[in-house]
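Please open the model in your viewer and keep a selection panel at hand, since the stops below are meant to be followed in order.

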Amino acid sequence: IRIDLIAAARPNFMKVAPLFHVLHGQPWCRLRLVHTGQHYDQNMSEAFFRDLKLPPPDLHLGVGSGSHAKQTADVMLAYEAACAADRPDLVVVVGDVNSTMACALVGAKLHITVAHLEAGLRSGDRRMPEEINRLVTDTLADILWTPSPDADEHLAAEGVPPEKITRVGNIMIDSYELMRERIDAGGERRRLGLENRAYAVVTLHRPSNVDAAGPLTALVDQLTRIAVRLPLVFPVHPRTHKNLQAFGLWPKLAEAPNLQVIEPLGYVDFMNLVCGACLTITDSGGIQEETTYLGIPCLTLRTTTERPITITEGTNRLVTAAELVPAVDEILAGRWPHGRKPQLWDGHTAARVAADIRRRLLSVPPRV
Ligand code: UD1
């Protein structure tokens with residue numbers, strides 16, 4: 001079978017890598033790694049390919065930034081041409097970024113089988129661009145690989161026939177387990193002078209937090225207050241960096257004592273920081289999952305999450321800017337649930353996906 005594996009933006013690379021490594025070299029498939037180019041900065045893209053031992057993509061669509069419509073349309077045009085030139089039998093899309101939806105749409109319209117890895121997640125908030133991407137992608141996909149029971153339930157409630165769904169677990173945990181030794185041996189923590197379990201990692205990039213001056217100002221205020229008692233390290237996403245500059249907040253953040261603002265990091269360096277932290281403050285999706293797996297408290301600056309299992313079983317809690325300081329106090333006082341690892345978050349998700357592809361498309365009994 002000819003399989004296109006679509007990678008586009010930072011959170012995709014960790015989801016594509018374990019699957020690439022499991023499928024690569026299998027006699028029954030021909031793999032084409034497609035990078036849409038949604039993320040293009042060295043430290044938003046290449047650093048991840050290098051860290052995750054991905055080869056350069058077979059095809060780079062070079063799409064870049066733009067409005068949602070433009071970015072989606074550009075990916076569709078470029079990927080449709082790629083399919084016309086060399087038609088795959090299966091398009092595998094991951095996550096919930098604009099390129100995920102765009103390539104799913106192209107595949108579905110060309111009657112190519114579309115599979116979605118990380119299907120069924122729902123925040124219930126349609127103002128999030130990712131929620132629209134999830135809904136459209138899951139409506140179109142022929143094969144839906146889910147990470148958790150709540151995802152299965154959402155798909156069932158939306159009328160997706162059960163035979164299309166296979167619960168495979170969380171692919172992000174595969175990446176972590178693949179890279180674990182290098183992450184543990186990494187020197188990022190030392191390089192930044194951070195002491196084990198005595199600092200927090202911060203990441204922010206959601207439009208609802210960083211695109212308007214009001215919310216971003218409130219967050220900067222709270223972070224500078226927290227830094228007085230707990231050292232913070234904040235790798236700043238390009239979207240956030242631009243807005244901090246535009247709203248005149250950059251100097252306050254950059255000059256705050258005990259708060260290190262740094263460039264976005266590659267996967268290994270970033271996870272080296274997360275693994276040594278006593279807590280994380282984030283609006284990312286993936287970090288909610290990684291901290292649940294690692295048993296590290298996570299404060300998520302959002303009103304909803306599409307990953308509720310990180311709250312019900314894990315170490316995550318949703319907070320507002322105003323709730324940050326008391327929540328940090330609770331964590332530092334040791335009053336935080338330890339949580340447990342959700343079922344099938346075990347590092348073997350890619351193998352289950354490969355087995356499911358064989359079962360569905362080759363009618364060969366899977367070997368897992
Ligand atoms: C995208 C995803 C989001 C994901 C995030 C992780 C969508 C709708 N959003 O958001 O789900 O959590 O990636 O990072 O797909 N930029 C650069 N260099 C880059 C990439 C982007 O400077 O390599 C700038 C662009 O100028 C752009 C802004 O950052 O204006 C946002 O990039 P974009 O890809 O549109 O969305 P993200 O906020 O990164």
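**The open sheet**

In this predicted model, begin by selecting the open sheet of 6 strands, which is ordered β10-β9-β8-β11-β12-β13 and has parallel pairing. Colour its two edge strands next, β10 (259–262) and β13 (316–318), each of which pairs on one side only. Viewed across the sheet, neighbouring strands are turned against each other by 20° on average, when direction is ignored.

Now narrow the selection to residues 200–203, strand β8, and residues 232–235, strand β9, which run parallel and are joined by 2 bridges. Which residue of β9 is the bridge partner of Ala200? Label Leu232, and you have that partner on screen.

**Helices on the sheet**

Add helix α10 (residues 213–227), which packs on the sheet and touches β8, β9, β10 and β11 (279–282), its direction making about 145° with that of β9. Then add helix α13 (residues 267–276), which also packs on the sheet with contacts to β8, β9, β10 and β11, while its direction makes about 130° with that of β8.

**The cavity**

For the last stop, turn to the interior space: a search of the whole structure finds 1 cavity of 30 Å³ or more, and the volume of the largest cavity is about 50 Å³. To display its lining, select Leu117, Glu118, Pro147, Gly169, Asn170, Ile171 and Glu289. If you colour these lining residues by character, they divide into 3 nonpolar, 2 polar and 2 charged.

Notes:
Residues are numbered from 1 along each chain as its sequence is written. This is a predicted model: local features need pLDDT of at least 70, side-chain atom pairs count only at pLDDT 80 or more; totals for chains, interfaces and linings use all residues. Side-chain values use heavy atoms; hydrogens and water are left out. On a 1 Å grid over the protein atoms alone, a cavity is a set of points where a 1.4 Å probe fits but cannot get out, and a pocket is an open set with protein on both sides within 12 Å along at least five of seven lines; lining residues have an atom within 4 Å of a point. Grid points are joined across faces, edges and corners, and a volume is the space filled by probe spheres set on the points. Ala, Val, Leu, Ile, Met, Phe, Trp, Tyr, Cys and Pro count as nonpolar, Asp, Glu, Lys and Arg as charged, and the others, Gly among them, as polar. Two strands pair if DSSP finds at least two bridges between them. Helices (H or I, at least four residues) and strands (E, at least two) are DSSP runs, numbered from the N terminus. Axes are lines fitted to C-alpha atoms, for helices over the stretch in contact, and angles run from 0 to 180 degrees between N-to-C directions. Contact means heavy atoms within 4.5 Å.
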